[in-house]
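Welcome! Here is a short tour of one helix and the surroundings it packs into.

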Amino acid sequence: MSVNENGELTALHQSCVDRAYRIPTFLSTSRTLNATQQHFLNRLIAEIETALLFPRTLPVTEGYPEAILTDIRRLVSSSYGMLAVNFRRFLVEIVQTNVGPTPTVEPFWEGSVYSQIEPAMAYQFGLPLLLVREGNTDQTNGIWAGGIAPLNTFIVWDSDNQTVDAFFRTPEWRSAFANWSAQVRTAFYIQTEPAFKYSCH
């Protein structure tokens with residue numbers, strides 16, 4: 001593997017990545033992570049770069065002097081695909097509601113609000129989309145609820161029972177990622193073709 005225990009790329013992998021031609025993609029993720037989530041994210045970035053794609057995120061690799069929604073729109077419009085990861089952030093419990101009975105009395109996990117906004121904007125723009133959710137996160141909330149997003153764009157990491165390496169070896173991940181990567185390349189070639197093609201015969 002090309003990532004060491006600290007989540008850093010080895011010199012050989014980094015030199016290969018630096019020379020490779022990479023297609024810009026939007027990696028939507030949280031900034032506050034525990035050690036296991038950080039390990040997952042490091043491995044995910046390595047997977048993306050190995051596929052010769054360039055993961056861009058706000059505000060780590062990209063930053064614009066504008067409002068956050070404008071920044072997101074700018075990054076969406078200058079990328080050729082989006083991979084969004086919804087990590088567990090807040091363990092919450094509903095104590096009161098003004099729309100009828102409490103839907104659940106059990107605590108549940110919520111992710112970042114931006115894990116709702118950024119993929120929705122990318123989908124509206126028509127970017128190839130791959131959604132990865134940490135198990136039991138936003139199961140009934142927004143685009144991460146069942147039946148909202150297309151099934152072929154959605155995969156779950158069961159972090160309670162599945163190691164990071166085990167997840168990235170699953171056929172579900174490998175198939176979904178290969179399909180998404182191919183769509184990103186297709187989107188790149190479609191969007192970078194000239195509006196009119198001229199040829200001499």
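Helix H2 covers residues 35-50, so named because helices (H or I, at least four residues) and strands (E, at least two) are DSSP runs numbered from the N terminus. Its 16 residues reach 22 Å from first C-alpha to last, close to the 22 Å expected at 1.5 Å a residue, where the expected span is 1.5 Å times one less than the number of residues. Please keep in mind that this is a predicted model, in which local features need pLDDT of at least 70 and side-chain atom pairs count only at pLDDT 80 or more, while totals for chains, interfaces and linings use all residues. Residues are numbered from 1 along each chain as its sequence is written, and side-chain values use heavy atoms, leaving out hydrogens and water.

**Helix H2 and its ends**

- Buried residues of H2 (buried means under 20% relative accessible area, exposed over 50%, partly exposed in between, with a 1.4 Å probe and protein chains only) include Phe40, Leu41, Leu44 and Ile48.
- At the start of H2, a side-chain oxygen of Asn34 comes to within 3.1 Å of the backbone nitrogen of Thr36.
- Just after H2, Leu52 has a positive phi of about 60 degrees.

**The nonpolar cores**

- The largest nonpolar core (a set of buried Ala, Val, Leu, Ile, Met, Phe, Trp, Tyr and Cys residues joined through side-chain atoms within 4.5 Å) has 26 residues, of which Phe40, Leu44, Leu83 and Trp173 touch the most other members.
- Among the elements that each supply at least two residues of this core are H2, strand E1 (23-28) and strand E3 (82-86).
- Helix H6 gives the most to this core, with six residues.
- Apart from this core lies another, of 14 residues, among them Leu58, Ala84, Leu127 and Leu131.
- Leaving aside neighbours within four places in sequence, Leu44 is in contact (heavy atoms within 4.5 Å) with Leu27, Leu83, Val85, Phe168 and Trp173.

**Aromatic pairs**

- There are 13 aromatic pairs, counting rings of Phe, Tyr and Trp (its six-membered ring) whose centres lie within 6.5 Å; planes under 30 degrees apart count as stacked, over 60 as edge-to-face and the rest as tilted.
- Phe40 and Trp157 are stacked, at 4.3 Å centre to centre with 20 degrees between the planes.
- Because Phe40 lies in helix H2 and Trp157 in strand E7, this pair ties together parts that are 117 residues apart in sequence.
- Phe40 is buried at a relative accessible area of 0%, and Trp157 counts as buried at 1%.
- Phe177 and Trp180 form a tilted pair, at 5.8 Å centre to centre with 35 degrees between the planes.

Technical notes
Polar contact = N/O pair within 3.5 Å; in protein donor to acceptor, adjacent residues only side chain to side chain.
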